[in-house]
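The following explanation is intended for a reader who meets this structure for the first time. It begins with a single residue and then turns to the chain and its parts.

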Amino acid sequence: MEMKKWLRSTALVSLMVVPMLVTGCGLFSKSASEAIDPPQTEVIEGQDEQTSSWFNDVEGATQYTVYLQDKNGYLAPISLPMALAEDEVVGSKLLEVMVDQGMYSTALPVDFRALVPQGTEVLSYELNAETGIATVNFSEPFVDYNAADERAIVEAITWTLTSLEGVEGVTIQVAGETLGEMPIAQYPLATVLDRSIGINIELAEGVNYSQASPVTIYFSAETMNEEQYFVPVTRMINREDSQAVAAIEQLIVGPKNTKTLTSVILPDVEVTSIEEYDGVVHIDLQDEAYEPGLFVPSQMLQAVILSVAENTGVASVQVRVNGDINIFDENNNSYSEPVSIPMNVNALKM
């Protein structure tokens, strides 16, 4: 989906708007001043584990995130509805959903596939509440996969589990033995894996890996059904004084792979400043085409907020454009107050 240009006069506002996000997919359907609460587990009494309410239209189901591979080979966060049975653990259940050709594979969105090797079972899942480390014990089929998928498997597991509240890192075991490396292509595994491993890694032009620093930014992609979704990309760049500023500058540069990823922000936008205080990251953007009262594209705002949050660890972001704090997107959502980072994105059709 091609990003529309900034609206250049109030007379054009009603005629030229960025395409609206698919129903149920918007990150900011609530008021911008209203924090989005972290997910709470729903328990359905008497529900059998084999018939848990995954992918069913159950009232009160909570959205949780799994990282799946799209048709272009990129990992993307996909939000799925779930109401847990009394004896189910969310971390373990998410991993079961991520098993290739597993019992939930036919209910995943089109164009996406699960990466945990076929036939894998989750033997155990334990979360240390003090350290935030989740230890996952897989069955032996976990070691049977294509070498090309190796790093993506590690990224998918790590980013899925660290999307859960209270999970800071992941340790992977097979049949009770902690893996020091992946078994096929020998990708090294730290004792504890966290989001510092990156996702969908790419190297910026002219950058030496040994001297590089990562920033994770969000671009846009489309399913075959023309549903928009966000794709995180960790780009290795030259070290900068401010990772947050560098991240937004790379967001403005746009994707390297323009055949499958779409820029969400025009190249003439500039970052004026990014400051953090009172638990909020304040970002100021400059664009000559923007005037007070014009709508700001929602995809741009959402990608900026997700990218800032990913590179600062701060859960609330305030956006200004040309110093104007009273901004709205084309869906008339207000961003005049700090926006809490959503726990889940990309609620695509099944």
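**From one threonine to the whole chain**

A polar atom in the side chain of Thr120 lies 2.7 Å from the backbone oxygen of Pro117. The model in which this pair is found is a predicted one. Thr120 is placed in the loop between strands S5 and S6. Because buried means under 20% relative accessible area, Thr120, with a relative accessible area of 8%, is classed as buried. When neighbours within four places in sequence are set aside, the residues in contact with Thr120 are Val99, Phe138, Ser139, Pro141 and Phe142. Thr120 may also be compared in position with Glu96: the two are 24 residues apart in sequence, and their C-alpha atoms are 8.4 Å apart in space.

The chain as a whole may now be considered. It contains four helices and 18 strands. Of its 350 residues, 53% are buried. Among contacts between residues at least 6 apart in sequence, 67% join residues that are at least 24 apart. The accessible surface of the chain comes to about 15900 Å², and carbon and sulfur atoms account for 46% of that surface.

Helix H1, which comprises residues 90-97, deserves separate attention. Seven of its eight residues are buried, and the helix is therefore largely enclosed by the rest of the structure. The buried residues are Val90, Gly91, Ser92, Lys93, Leu94, Leu95 and Val97. What do these buried residues of H1 pack against? Their partners include five strands, namely S2 (62-70), S3 (75-82), S4 (84-85), S6 (122-128) and S7 (133-138). Helix H2 (150-161) is a further partner of the buried residues of H1.

The loop between H1 and strand S5 (112-113) holds Gln101. Although Gln101 is not a glycine, it has a positive phi of about 60°. With a relative accessibility of 56%, Gln101 counts as exposed, since the term applies over 50%. A positive phi of about 60° is likewise found at Gln186, again a residue that is not a glycine. Gln186 lies in the loop between strand S9 (177-178) and strand S10 (202-203). Its relative accessible area is 40%, so Gln186 is partly exposed.

Another residue to examine is Asn346, in the segment after strand S18 (339-340). Is Asn346 buried or exposed? Its relative accessibility is 0%, and Asn346 therefore counts as buried. The side chain of Asn346 reaches the backbone nitrogen of Phe230 at a distance of 2.9 Å.

The last feature is the largest pocket, in which about 820 Å³ of space lies. The elements that give two or more residues to its lining are S2 and helix H4 (298-312). The largest share, three residues, comes from H4. In total, 28 residues line the pocket, and those nearest its centre are Thr162, Ser163, Arg195, Glu310 and Ile341. By kind, the lining consists of 15 nonpolar, eight polar and five charged residues.

How values were computed:
Residues are numbered from 1 along each chain as its sequence is written. This is a predicted model: local features need pLDDT of at least 70, side-chain atom pairs count only at pLDDT 80 or more; totals for chains, interfaces and linings use all residues. Side-chain values use heavy atoms; hydrogens and water are left out. Buried means under 20% relative accessible area, exposed over 50%, partly exposed in between (1.4 Å probe, protein chains only). Contact means heavy atoms within 4.5 Å. Accessible areas come from the Shrake-Rupley method with a 1.4 Å probe; for residues, only the protein chains shown count as cover. On a 1 Å grid over the protein atoms alone, a cavity is a set of points where a 1.4 Å probe fits but cannot get out, and a pocket is an open set with protein on both sides within 12 Å along at least five of seven lines; lining residues have an atom within 4 Å of a point. Grid points are joined across faces, edges and corners, and a volume is the space filled by probe spheres set on the points. Ala, Val, Leu, Ile, Met, Phe, Trp, Tyr, Cys and Pro count as nonpolar, Asp, Glu, Lys and Arg as charged, and the others, Gly among them, as polar. A polar contact is a pair of N or O atoms within 3.5 Å; within protein, one must be able to donate a hydrogen and the other to accept it, and residues adjacent in sequence count only if both atoms are side-chain atoms.
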